[in-house]
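Here's a quick walk through a single-chain model with a bound ligand. Have the sequence and the 3D view open while you read.

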Amino acid sequence: MDALILVDIQPDFLPGGALAVPDGNAIIPVVNQLVTHFDLVVATQDWHPSGHGSFASAHKGKQPFEAIDLYGLHQVLWPDHCVQGSAGAALSDAINWDKIAAIFRKGMNPGIDSYSGFYDNGYRKRTGLDGYLKALGVQRVFVAGLAADYCVYYTAKDALKEGFDTVLIEDATRPIDASNFKEAKADLKSKGASIMYSSELLGR
Ligand code: VGL
Ligand code: ZN
């Protein structure tokens, strides 16, 4: 059984958002085609309390995109984004969510960031996504969404770690930083992931 995992397709990561991913809008029509192709589609949702430790604004004198040590983990600091209940944190209304079976929220603990849909960045807590997929008999996951070099990359990496056959859909994601994404793709390939275009799946 296959599943499509849609990572963090939220207004704050789309053009005009607080942490907009360049050309993020380009994934919307691709994702809307992909959802029609899968029997199981799940989503992740970045969902931070205000003042989250990953926000530069929570650290005196720090600017977005600087890095710090946050309780023992390397942390890139971000602009405030995906604050629980805010418009920017909603699932984007440009996507057809009718078929989404479950939504896994992440990033609620103010002291630790959570890029992957499976675990926080310190592997301290699971979201339950792995158990959910395994209970439904999923063996292969296709990963898409935003941002390619952060939450999509970490989700794909943890899918491999959890033993899923893992496919990244290259035209259904966009990175914050193109060179980071290049490295991420090489790393995923070396760990056994495949990288495909949606046309190979959809046959058009
Ligand atoms: C993300 C940075 C911070 C992402 C989430 O969805 O890739 N990136 N929070
Ligand atoms: Zn975040």
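How far apart do the end C-alpha atoms of residues 3–196 lie, and how much of the span is helix and how much strand? The ends are 15 Å apart, with helix making up 23% of the span and strand 24%. Keep in mind that this is a predicted model.

## The overall fold

The span in that question comes from a record: an unreviewed UniProt entry annotates residues 3–196 as "domain: Isochorismatase-like". Over the chain there are five helices and eight strands. Reading from the N terminus, the order is β-α-β-β-β-β-α-β-α-β-α-β-α. The radius of gyration comes out at 16 Å, close to the 17 Å the globule rule gives for 204 residues, so the chain is as compact as a globular protein of that length.

If you're thinking about a simulation box, the C-alpha atoms fill roughly 50 × 30 × 30 Å along the principal axes. Buried residues make up 43% of the 204 in the chain. Contacts with a separation of 6 or more are 71% from residues 24 or more positions apart.

## Around ligand 1

Which residues surround ligand 1? They are D8, F13, D46, W78, L146, A147, Y150 and C151. Sorted by class, that shell has six nonpolar and two charged residues, and no polar ones.

Two members of the shell deserve a second look on the backbone side. L146 and A147 are joined by a cis peptide bond, with omega at about -10 degrees. A147 sits in the loop between β6 and α3, while L146 is the last residue of β6, which covers 140–146. If you set up this model for your own calculations, that peptide bond is one to look at in the viewer.

## Helix α3, wrapped up

Just after that loop comes α3, residues 148–161. Here 12 of the 14 residues are buried, so the helix is largely enclosed by the rest of the structure. The buried set is A148, D149, Y150, C151, V152, Y153, Y154, T155, A156, K157, D158 and A159. Two of those names, Y150 and C151, also turn up around ligand 1.

What covers the buried residues of α3? The cover includes strands β1 (2–7), β2 (41–46), β6 (140–146) and β7 (165–174), along with helix α4 (178–190). After α3 comes G163, with a positive phi near 95 degrees.

## A144, inside β6

A144 is a residue of strand β6. Is A144 buried or exposed? It has 26 C-beta neighbours inside 10 Å, and the cut-off for buried is 20 or more, so A144 counts as buried.

Leaving out residues up to four places away in sequence, A144 touches L4, L6, V7, I27, V31, L34, I169, A172 and T173. A link across the sequence shows up with I9 too: A144 and I9 are 135 residues apart along the chain, yet their C-alpha atoms are separated by 9.1 Å.

## The β3–β4 hairpin and two positive phis

Strands β3 (residues 67–70) and β4 (residues 73–76) run antiparallel and are joined by four bridges. Among the pairs, I68 has Q75 as its bridge partner, and L70 has L73. Two residues lie between the strands of this hairpin.

Y71, in the loop between β3 and β4, has a phi near 45 degrees, a positive value in a residue other than glycine. Y71 has 9 C-beta neighbours inside 10 Å, so it counts as exposed. F65 is another non-glycine with a positive phi, about 80 degrees. F65 is in the loop between β2 and β3, and with 12 C-beta neighbours inside 10 Å it counts as exposed, because the cut-off is 12 or fewer.

Conventions. Residues are numbered from 1 along each chain as its sequence is written. Chains are lettered from A and ligands numbered from 1 in the order in which they are written. This is a predicted model: local features need pLDDT of at least 70, side-chain atom pairs count only at pLDDT 80 or more; totals for chains, interfaces and linings use all residues. Two strands pair if DSSP finds at least two bridges between them. A residue is near a molecule or strand if its C-beta atom, placed from the backbone, lies within 6 Å of it. Ala, Val, Leu, Ile, Met, Phe, Trp, Tyr, Cys and Pro count as nonpolar, Asp, Glu, Lys and Arg as charged, and the others, Gly among them, as polar. Two residues are in contact if their C-beta atoms, placed from the backbone, lie within 7 Å. The radius of gyration is taken over C-alpha atoms; the globule rule is 2.2 Å times the number of residues to the power 0.38. UniProt positions are given in the numbering used here, feature names are shortened, and annotations may be inferred rather than shown by experiment.
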